[in-house]
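Here's a quick briefing to read with the model open beside you. Let's start with the terms and then walk through the chain.

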Amino acid sequence: MTTMLQEDAMARHGAATGRNAATGRGSATGTGGKPASGRPVVFVTMLALAALGVLVLLVVGPVLPMPLAVLGAAALMGVVGLAWWVAGPRL
C-alpha cells in the first residue's frame, strides 16, 4: 500500500482541474477568478474621507449638539454607502 503526500495530492488535483495548487491560478489564463473591476482610487479616497470624518466626529462630537452629531454620523455613513455604490469592487 502506498501513501500519497499532501503536495502530490494537490498537484494531482491541480492537473485534473487545470489550476495551479500553489497559487490558485488557472493554467490557461494565468489569473484566478474574475478580473478586478470598479474604481479603486476613487473607492479608497472616499473611504479615507469617511474615516477622517469619523475621527473628527470622535474628537469634536462631545461638544456638538446631539442632532448635529447624529446628522454628521448619518452623512459619514452615506459617504461609505456612496463609495460602495459608485466606486466599490464589483463582486
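A residue is called buried when its relative accessible area is under 20%, exposed when that value is over 50%, and partly exposed in between. Ala83 has a relative accessibility of 0%, so Ala83 counts as buried. Bear in mind that this is a predicted model.

**The chain as a whole**

- Three helices and zero strands make up the element list, and the order from the N terminus is α-α-α.
- The chain has 91 residues, and 13% of them count as buried.
- About 7,200 Å² of the chain is exposed, with carbon and sulfur atoms supplying 72% of that area.
- Take the contacts between residues at least 6 apart in sequence: 56% of them join residues at least 24 apart.

**Helix 2 (residues 40–60)**

- How does the length of helix 2 check out? With 21 residues at 1.5 Å each, helix 2 should span 30 Å, and its end C-alpha atoms are indeed 30 Å apart.
- The buried residues here are Phe43, Met46, Ala50 and Gly53. They sit on the same side of helix 2, because they cover an arc of only 90° around the axis.
- A bit of background helps with that pattern: an α-helix has 3.6 residues a turn, so residues three or four places apart point the same way.
- Turn to the face directed away from the buried side and you'll find the exposed residues Pro40, Val41, Val44, Leu52, Val56, Leu58 and Val59.
- Part of the cover over the buried residues of helix 2 comes from helix 3 (66–87).
- Leu49 is also in helix 2, and at 55% relative accessibility Leu49 counts as exposed.

**Helix 3 (residues 66–87)**

- Helix 3 passes the length check too: its 22 residues at 1.5 Å each should span 32 Å, and the end C-alpha atoms are 31 Å apart, which agrees.
- Which residues of helix 3 are buried? They are Ala69, Leu76, Ala83 and Ala87. Their arc around the axis is only 70°, which puts them on the same side of helix 3.
- These buried residues of helix 3 pack against helix 2.
- The face turned away from the buried side of helix 3 carries Met66, Pro67, Leu71, Met77 and Trp85, which are exposed.
- Met77 belongs to helix 3 and is exposed, with a relative accessibility of 62%.

**Where helix 2 and helix 3 meet**

- Ala83, located in helix 3, is a handy residue to click on here. Leaving aside residues up to four places away in sequence, Ala83 touches Phe43, Met46, Leu47 and Gly88.
- Ala83 and Ala50 are 33 residues apart in sequence, yet their C-alpha atoms are 9.3 Å apart in space.
- The C-alpha atoms of Leu49 and Leu76 are 8.7 Å apart, with their positions 27 residues apart in sequence.
- For Met77 and Val54, 23 residues apart along the chain, the C-alpha separation is 9.4 Å.

**The nonpolar surface patch**

- What residues form the nonpolar patch on the surface? They are Leu52, Val54, Leu55, Val56, Leu58, Val59, Val60 and Val63, with about 780 Å² of accessible area together.
- Val59 is one of the patch members and lies in helix 2. Its relative accessible area is 61%, and a value over 50% means exposed, so Val59 counts as exposed.
- Leu52, Val56, Leu58 and Val59 come up in two places: they are among the patch residues, and they are also among the exposed residues on the face of helix 2 turned away from its buried side.

**The loop before helix 2**

- Arg39 sits in the loop between helix 1 (6–17) and helix 2.
- Is Arg39 buried, exposed or partly exposed? Its relative accessibility is 47%, which lies between the 20% and 50% cut-offs, so Arg39 counts as partly exposed.
- Arg39 and Pro89 are 50 residues apart along the chain, and their C-alpha atoms are separated by 7.3 Å.

Note on methods. Residues are numbered from 1 along each chain as its sequence is written. This is a predicted model: local features need pLDDT of at least 70, side-chain atom pairs count only at pLDDT 80 or more; totals for chains, interfaces and linings use all residues. Side-chain values use heavy atoms; hydrogens and water are left out. Patches are made of residues with over 30% relative accessible area and no salt bridge: like charges are joined within 9 Å, nonpolar side chains (Val, Leu, Ile, Met, Phe, Trp, Tyr) within 5 Å. Accessible areas come from the Shrake-Rupley method with a 1.4 Å probe; for residues, only the protein chains shown count as cover. A salt bridge is a side-chain nitrogen of Lys or Arg within 4 Å of a carboxyl oxygen of Asp or Glu. Helices (H or I, at least four residues) and strands (E, at least two) are DSSP runs, numbered from the N terminus. Buried means under 20% relative accessible area, exposed over 50%, partly exposed in between (1.4 Å probe, protein chains only). Contact means heavy atoms within 4.5 Å. The expected span of a helix is 1.5 Å times one less than its number of residues. The arc is that of the directions from the helix axis to the C-beta atoms.
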